[in-house]
Amino acid sequence: TLESYGWYSHFVVGGGGDRKQVNYHTHGLPEHYGHLDFQFVLPIDGGTLHALATKLVDRVKEGERLACM
């Protein structure tokens, strides 16, 4: 939860007529860590996207700043 971890995430499957796409996104990073939230829209299962986001959030918690190029 947001209170326990400083962030949370959820995902929506489908959208735009494509049931294979997963829209996974985080909440709380700007407020707790001064970093933009992450969003991934990919044809990958939500569990894999959560594992990826958890690793990225851990890096943010350690002070790293990530940006899209």
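Strand 2 and strand 3, the latter covering residues 39-42, pair in the antiparallel sense over four bridges, where two strands pair if DSSP finds at least two bridges between them, and where helices (H or I, at least four residues) and strands (E, at least two) are DSSP runs numbered from the N terminus. The model is a predicted one, in which local features need pLDDT of at least 70 and side-chain atom pairs count only at pLDDT 80 or more, while totals for chains, interfaces and linings use all residues. Residues are numbered from 1 along each chain as its sequence is written, and side-chain values use heavy atoms, with hydrogens and water left out.

Within the pairing of strand 2 and strand 3, V22 stands opposite L42 of strand 3, and Q39 in strand 3 is the bridge partner of H25. H25 of strand 2 also stands opposite H10, which leads to the other pairing of the sheet: strand 1 (residues 8-13) and strand 2 (residues 22-27) run antiparallel and are joined by six bridges. Strands of a sheet pair through backbone hydrogen bonds, in either a parallel or an antiparallel manner.

Taken together, the three strands form an open sheet in the order 1-2-3 with antiparallel pairing. Strand 1 and strand 3 stand at the edges with a single partner strand each, so one side of each is left without a neighbour in the sheet. Direction ignored, neighbouring strands of this sheet are turned by 10° against each other on average, the axes being lines fitted to C-alpha atoms (for helices over the stretch in contact) and the angles running from 0 to 180 degrees between N-to-C directions.

The sheet can now be placed in the chain, which holds three helices and three strands. From the N terminus on, these elements run α-β-β-α-β-α. The C-alpha trace of the chain spans about 35 × 30 × 20 Å along its principal axes, and buried residues make up 26% of the 69 residues, buried meaning under 20% relative accessible area, exposed over 50% and partly exposed in between, with a 1.4 Å probe and protein chains only.

What does a search of the whole structure find in the way of aromatic pairs? The search finds two, where rings of Phe, Tyr and Trp (its six-membered ring) pair if their centres lie within 6.5 Å, and where planes under 30 degrees apart count as stacked, over 60 as edge-to-face and the rest as tilted. The rings of F38 and F40 have centres 6.3 Å apart and planes at 5°, so this pair is stacked. Both residues can also be described by accessibility: F38 counts as buried because its relative accessibility is 11%, and F40 is buried with a relative accessible area of 13%. Y24 joins F38 and F40 in one aromatic cluster.

F38 appears again in the lining of the largest pocket, which is formed by H35, L36, D37, F38, Q39, L56, L66, A67 and C68. On a 1 Å grid over the protein atoms alone, a pocket is an open set of points where a 1.4 Å probe fits, with protein on both sides within 12 Å along at least five of seven lines, and lining residues have an atom within 4 Å of a point. About 190 Å³ of space lies in this pocket, the volume being the space filled by probe spheres set on the points, which are joined across faces, edges and corners. By class, the lining has six nonpolar, two polar and one charged residues, where Ala, Val, Leu, Ile, Met, Phe, Trp, Tyr, Cys and Pro count as nonpolar, Asp, Glu, Lys and Arg as charged, and the others, Gly among them, as polar.

One of the lining residues, L66, is found in the segment after helix 3 (46-61) and is partly exposed, with a relative accessible area of 26%. L66 and G34 are 32 residues apart in sequence and 11 Å apart in space, C-alpha to C-alpha. R65 also has its place in the segment after helix 3 and counts as partly exposed at 46% relative accessibility; R65 and L36 are 29 residues apart in sequence and 9.1 Å apart in space, C-alpha to C-alpha.

Helix 2 supplies a further pair of examples. L29 lies in helix 2 and counts as buried at 0% relative accessibility, whereas P30, in helix 2 (residues 29-33), is partly exposed with a relative accessible area of 40%. The C-alpha atoms of L29 and Y5, 24 residues apart along the chain, are separated by 10 Å, while P30 and G47, 17 residues apart in sequence, are 23 Å apart in space, C-alpha to C-alpha.
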